[in-house]
Structure formats: C-alpha cells, structure tokens
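Visitor: I am new to this structure and would like a close look at one part of it. Could you take me to the place where side chains of opposite charge pair up, and then show me what lies around it?

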Amino acid sequence: MDLTPQDAARTLAEVEQARTAMRRAIRAHRGHFYLWIWGATWIAMPLTAHFLGDNAVRYFGLICVPGTSASIAVGLAQRRQVSGAGSQRLFGVLAAILGFAALFPFVLHGQTDARGYYAYACLAAMQGYVVVGLWADTYLFWLGLFVTAMILVGLFLLPGIFWLWMAACAGGPLLLTGFYVRHFWR
C-alpha cells in the first residue's frame, strides 16, 4: 500500500482533530478535577508523614477517602459525557493494573519500610497515568513519566527529605497539571 502525501496529510489532520476533540472533552467534562483532587491528596499524605513521622502512613487510607469520594462524585456526574465502549475498556485496563499492582508486594517482598510502600503505590498509580496517556492524550503519559522519575529520585537519592520531596514533586505536578488543563488547554 502506497501512501500519498495527500493521504498522509489527511491522516495527520484527522489525528490532530481527534486530539483536539479529546482535549476539549477532558477540559469540558472536568478531567482536571481528578488532577486537583489527587494532587491535593498526594500532597497531604507525605506532609502528614513528614510532620508526624513514618508511622503516620497508617492514616493514608483515611486521607484517600475524601479523594476517592470526590472522584466517584465527579465520575458519576460526568458518566454520560465520557461513557462508551472505549472508556469501559480503559477502566478495565486500569482495574487490571491496580489488581496486579496489589499482588506484587506479596510476591516480590520488596522494601518493607513506609517510604518504600508509599513509593510503590505511587509508581503503580503512575503506571495508570502512562497507560491512559497512551490511550487518550499524551499529557498524562509525560506527567506519569515525570512523576515516576521524581518518585525514584526521592526514594533512592533523597531519603532525608523524601516526604517533602514527594509532596512537592509528586503531588505538586498533579495539582499544577490540573490548572494547566483547566486554564490553558484549547
């Protein structure tokens, strides 16, 4: 099959139209709310551990309850606008990622300290961001890769300021990306 320059140009234009439509849909249907919700949650958790010590990790589940509740509320409010066969498959992929991620610590017997477990949970979430970015829009792909790198830097190179690092360099980018999507996407 030979692809003419006109066919290539038409295909690239269709890709750009799809990308623009996806960005409009994400912005119009409050996709940035999830980034704000989880950015704030990811800032609150490590700051709690920084100020109360590593044992405060036991409260992370409680800190996630408002985030999960808010995410469910946004999802329910927006489900008609973003539903379809593609979104159901995407949610299936994300559920599989989280299901397998929950099993890995039991199998691998990795780091057993609070920082290691928290970094692992954040890395599993970032894997979801990368997958959604590959599926939907590349901003989530790059956000996932960036935050993954920041998690690894904090865990392995900056253990003394790990919790502050995670608040600023894992939660902060999520929060800021929400503002970018809300106010600068067109």
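Guide: Let's start with the salt bridges: in this predicted model, the count comes to one. The partners are aspartate 54 and arginine 115, whose side chains meet with an N to O distance of 3.4 Å. This pair ties together distant parts of the chain, as the two residues are 61 residues apart. Aspartate 54 sits in the loop between α2 (31-52) and α3, while arginine 115 belongs to helix α5. As for how open they are, aspartate 54 has a relative accessible area of 30%, so it is partly exposed. Arginine 115 also counts as partly exposed, because its relative accessibility is 23% and the partly exposed range runs between 20% and 50%.

Now follow the arginine's helix. Helix α5 covers residues 114-135, and it packs with helix α6, residues 138-157. Their axes are 7 Å apart and form an angle of about 160 degrees. That angle is over 145 degrees, so α5 runs roughly antiparallel to α6. The crossing of these two helices is left-handed.

Finally, turn to the other side of the aspartate's loop, where helix α3 spans residues 60-78. Leucine 62 has its place in this helix, and leucine 62 counts as exposed because its relative accessibility is 61%, over the 50% cut-off. Together with Tyr59 and Val65, Leu62 makes a nonpolar surface patch of about 300 Å².

Technical notes
Residues are numbered from 1 along each chain as its sequence is written. This is a predicted model: local features need pLDDT of at least 70, side-chain atom pairs count only at pLDDT 80 or more; totals for chains, interfaces and linings use all residues. Side-chain values use heavy atoms; hydrogens and water are left out. Patches are made of residues with over 30% relative accessible area and no salt bridge: like charges are joined within 9 Å, nonpolar side chains (Val, Leu, Ile, Met, Phe, Trp, Tyr) within 5 Å. Accessible areas come from the Shrake-Rupley method with a 1.4 Å probe; for residues, only the protein chains shown count as cover. A salt bridge is a side-chain nitrogen of Lys or Arg within 4 Å of a carboxyl oxygen of Asp or Glu. Helices (H or I, at least four residues) and strands (E, at least two) are DSSP runs, numbered from the N terminus. Buried means under 20% relative accessible area, exposed over 50%, partly exposed in between (1.4 Å probe, protein chains only). Axes are lines fitted to C-alpha atoms, for helices over the stretch in contact, and angles run from 0 to 180 degrees between N-to-C directions. Angles under 35 degrees count as roughly parallel, over 145 as roughly antiparallel, 65 to 115 as roughly perpendicular and the rest as oblique. A crossing is left-handed if the near helix is turned anticlockwise from the far one by less than a right angle, and right-handed if clockwise.
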